[in-house]
Amino acid sequence: MRITRSFIVLAACMSAGVAVWAQGRNIGPEWQAASADAQRTSWQRIDPNISVENLSKPGFELQWTTKLPSPLMSEAVTVNGVGLFWPVSLIAGSTNSVSLIDNDTGNVQWTRSFGLSRGTPTPGCSGMVAAAARPVALAPPAPAAPRAGGGGRGGTGYRGAVGAPGEGVPVELSQRGGGGRGAAAAPAGGEAGRGAEGARGREGAAPGRAGGGGGGLGRLPGPGYAIADDGSLHTMGWLSGKDVQKPAPFLPANARWSDPLVVDNVLYTTTRSGCGSAPSAVWAINVSNETTKPAVSWRSNGGSPIGAIALTTTGTVIAAIGPGQAAAGGYANAVVALDQKTLTLKDWFTAPGIEIASAPLIFQHNDQDVVAVAVKDGRVLLLDAASLGGANHATPLGAASVVASPPAAFAPGALATWQELTAMPPAAEGQPPMMLGGQRWLLLPTTNAVVALKVVDAAGKPSLQPGWTSRNLGATDTPIIVNNVVFAAASGRPRSRAILYALEGSTGKELWSSGTTMTSYLPGRTMWASNSRCTSARPTARSTSSGFCWSEGKIVNAC
Amino acid sequence: MPRHTLVVAALLFSGATLSATDYLTEGADNARTGWVKDEKIFTTSNVAGMKLLWKIKLPSTPREMHNMFPPLIVERVTTPQGVREMAIVAGVTDDLFGVDTASGETMWRRHFDSTYTPVPGGRGSTLCPGGQTAVPVVAPASTPGKYTAYAVSWDGRLRQVDVATGQEIVPAEKFMPANGKPYALNLHNGVIYTASAQGCGGVANAFYSFDLATRKAAVFSPAGGGMWGRRGVAIDSAGIVYFTTGDATFNPVTRSLGNGLVSVKMDASKQMQLVDYFAPKNANWMYRRDLDINVTPIPLDFRGRKLLVGTSKECRMWLLDRDGLGGEDHRTPLSTSPLLCNDQTAYDEQGVWGAMAAWQDGNTQWLLVPFWGPVSRQFKAPIEHSRPTGGGVGAYKIEERAGKWQFTPAWLSRNMDLAENVLVANGVAFVSDSGEDATQTVPDVAWDAPGGGRMGGSLNSGSARRIPGSRRATLYALDARTGKELWSSGNQITSWSHFSGLTVANGRAYLPTFDGTLYAFGVR
């Protein structure tokens, strides 16, 4: 039987008994890059609804499923506030297209095709779909706890008054401090109401303007970016997917590129050799100019980059280079540090007998950036981002004992990290509560479980200790972490159903699972979280009607 | 003239006289049902012969996208020129016009003086145009043939104008703060009611009342957002006042009643007191998506039950028991309809934005709902004249089956360009669509399009962007029982309308447009 696969995106959402989410236009956090951020942590620090407490009781359930046109889809990046009020996910597809879906409803807002796919002419180049991108801050802002409660405008609640005869209504109750749709107090003169018409949207956001990635309501971070099969970079408006800037030549055609990252007006990606005419290289293209977009690259002259690059919080580009035959001056089985603008080599780590097996992620320990990579012998290495491998370029800061049987077959973006956060009282009245950081964790999937390692301090250096190992979940992809909850997806490959699990981050205890809800498998890392939703993408047999969505037995927007 | 023609003419004249109707308040009555119960001249048989009787250009200066409001009709006014049927038309720039409905002649114009001084160089916005924004209300005076029009001018003062002459019969009274955005006035038991929206001019989003006997003005703030049902507050036979609250959270714990339906009642001291409130279970999600509850609700009595019907930009209807809005938790309606429109959950261009009509035909309670944008995939009706893409009217029967109330779809109209308001008169459903540019989001412009290279996606409801893209309004007459199109104004109307509406009385239908034209179509 010929099965044409399409793609289903599935979202589960907190929907019951959750007060905080419901307050105001709290639209929830964004998933600003593939693997969440520029450090590729896969960590959504705060969410108003998803928590260990809430996942321990009913209320997290399937909200919608949506069919998309491509057989394989990427992990998404999300943006709040398109049209001011819509939280959306931008998903790239293997048919040389991108789609935008409404995170609340699953409605497909648009699908943009970049033309006929050039296919995958080289064996080994298929099956990988890189994400789209949007501007993201170099370092995530310090997490602040969501505000609880939430009163009405002015916070004093409903009330009434009557004036003296002939004096009109009492002034104190008829003048307001808030405006209409988000407006400040209006001056006498007619300017009021939503107030947003002038400042917020008179001419729309300037194309290419890279914001801080805050994603607050009504603040678009800049355009969306996607790389097409022909290697061109597309700069798209969120509302329609139209190219708002002329597509720029960037990569060789038919390259196999990794999840791009856009920071400070530069888009980064990697290519591996053997796909099209692309070399093994790290690439960067300046997107600040609407008409001219200069690109630079760094070639490994050896192994191919593994997965995507990550950025340190100071802007250094970190890439993992896999095995290969290194030419003179080339690199294989290495971790390299490149200049943020020029991609010139700044530093490297390589050691005899160590075969790099995953892309890097970066976390902070004692306010210093630490690079983590998985290696073929089943361990995880920690490197000082400021001095990879130390003076001899071969000495890691620390390493975990073997967590996977060698030769370990990690996915390129296998690693994830998070830190336990506890809400503290606000420093001053009116300020949001701050979050106090606790135990740091490093997560990685093995062949049938999720392994959690504790990052502990050993004489000022980070080291790894065993934490917990989940029960046998089957083959899992890289987990994501949302507000102390670990989401792990058992892929169900190749022919079974995928299952999404929610685990308590500090113990690995199973809090929730999707059970039989999903009917097909996950092709790879296709999971993201935003707006109190954990969303995954999976292939399934194409229906006679594509692009539909439905809710499961309730008003879909109840959450 | 043949004898039979004379007989018919005499009967028509007789009918027009003996069965004439006044249209003294927006939405036809205190409850804002949109049902012109006493209309006898229009019929489903003769409305197909409706024609343009006259059109006049009134010297009303637009502000932003606003200009004139639906006229009020007084059938027999004793004027210095004799007994006339008069239309009272409010203009946004503090004007009131008296028009002879037979001829279209402007009999008087009242331009209100003002105690409010606009900020020099300041301008309004589409949502807060400034000026007079409330449809007035008319009431008979003590002398037969004399009527008083009550209006709220830009400066927030209450005006009382002699319908016959346009003269202010008493000095303007302090009522509410200046520069707000009050909606259509309602008059019940000697009290003028309105509500203001958008926080315009810094004026609280609240119910406002003015007791004509004591001259006491009162305010009740539900601590919600803008209160902007097109027909203003609705009042039931018990004097309970109902209205919508948009653009704010619903949280009874903090006494915040945003995105809900709220009812108040006047107490003996002439202060409004909270009676009850309702919010749908997804009210705060609706708030986040800007799906305001923005449609004047309709209280109606049917089969011994005191009901209230509401809807919103989300485009589903709620049926509530007025003896307990939403039950014990204030969030459980008697019935909730599936979506009629707005599958995209858009906050602009889709949803219900205008005013519904509820009318009874024997034992059948009808609800006609005009909507913007495509009909929902969920909505199926036994009679469908189209699957509208730009808007239309969906008709329901409100029924009780096996002890449960429900909205039973009945018919779906032809496609329209943003269907706004419905009035039902003698079995004919009159519907106006606005033809305005209702977008509020800046579009993307491709790099290779003229003037291109702009990323849209931001909010912009500004008039300067929308006026050039606005089209033309159209008036339709439908069979209220089947939705069949009986008549259309076609391309006779050359301008569009924004937050205005239509009026029907005594064989004539009136529609004002942005360009200052008042159209009168009819069969007389």
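**A walk through a two-chain model**

Let's start with a small group of rings: B:Trp228, B:Trp353, B:Trp372 and B:Phe499 are linked into a cluster by ring pairs. Keep in mind as you explore that this is a predicted model. With that cluster as a landmark, we can step back and look at the chain that holds it.

Chain B is built with three helices and 35 strands. Its radius of gyration is 22 Å, close to the 24 Å that the globule rule gives for 524 residues, so chain B is as compact as a globular protein of that length. If you lay the C-alpha trace along its principal axes, chain B spans about 65 × 60 × 55 Å. How much of chain B counts as buried? The share is 67% of its 524 residues. Sequence distance adds to the picture: among the contacts in chain B with a separation of 6 or more, 59% come from residues 24 or more positions apart.

Now for the outside of chain B. About 16100 Å² is exposed, and carbon and sulfur atoms supply 52% of that area. Chain B also carries 51 positive and 47 negative charges, and the mean positions of these two sets are 1 Å apart.

One residue lets us look inside chain B. B:Gly226 sits in the loop between β13 (216-221) and β14 (234-235) of chain B. Is this glycine, B:Gly226, buried or exposed? Residues count as buried under 20% relative accessible area, and B:Gly226 has a value of 1%, so B:Gly226 is buried. Which residues does B:Gly226 touch, leaving aside its neighbours within four places in sequence? The contacts are B:Ala197, B:Gln198, B:Asn205, B:Thr244, B:Thr245, B:Gly246 and B:Asp247. To get a feel for distance, pick out B:Leu486 as well: it is 260 residues from B:Gly226 along the chain, and the two C-alpha atoms are separated by 37 Å.

Let's move over to chain A. Here you will find three helices and 34 strands. Of the 559 residues in chain A, 60% are buried. Among contacts in chain A with a separation of 6 or more, residues 24 or more positions apart account for 58%. Chain A exposes about 19700 Å², with 52% of it supplied by carbon and sulfur atoms.

A good residue to find in chain A is A:Arg134, in the loop between β7 (108-113) and β8 (159-162). A:Arg134 is buried, with a relative accessible area of 1%. Measuring C-alpha to C-alpha, you would find A:Thr476 27 Å away from A:Arg134 in space, while their positions lie 342 residues apart in sequence.

Finally, back to rings. Over all chains, a search of the whole structure finds 28 aromatic pairs. One of them joins A:Phe250 and A:Trp283, an edge-to-face pair with 6.2 Å centre to centre and 85 degrees between the planes. This pair links distant parts of the chain, 33 residues apart: A:Phe250 is in the loop between β11 (248-249) and β12 (261-263), and A:Trp283 is in strand β14 (residues 281-286). Both A:Phe250 and A:Trp283 are buried.

The rings of A:Trp418 and A:Trp441 give another arrangement to look at. Their centres are 6.2 Å apart and their planes stand at 10 degrees, so the pair is stacked; planes under 30 degrees apart count as stacked. A:Trp418 belongs to strand β24 (residues 416-424) and A:Trp441 to strand β25 (residues 434-445), and this pair links parts of the chain 23 residues apart. Both A:Trp418 and A:Trp441 are buried.

Key:
Residues numbered from 1 in each chain as written. Chains lettered and ligands numbered in written order. Predicted model: local features only at pLDDT ≥ 70, side-chain atom pairs only at ≥ 80, totals over all residues. Heavy atoms only, no water. Helix = DSSP H or I, 4+ residues; strand = E, 2+ residues; numbered from the N terminus. Rg over C-alpha atoms; globule rule 2.2 N^0.38 Å. Buried < 20%, exposed > 50% of the residue type's maximum accessible area, 1.4 Å probe, protein only. Contact = heavy atoms within 4.5 Å. Areas by Shrake-Rupley, 256 points an atom, 1.4 Å probe, with all protein chains shown as cover. Lys, Arg positive; Asp, Glu negative; His and termini not counted. Charge placed at Lys NZ, Arg CZ, Asp CG, Glu CD. Phe/Tyr/Trp six-rings, centres within 6.5 Å; stacked < 30°, edge-to-face > 60°.
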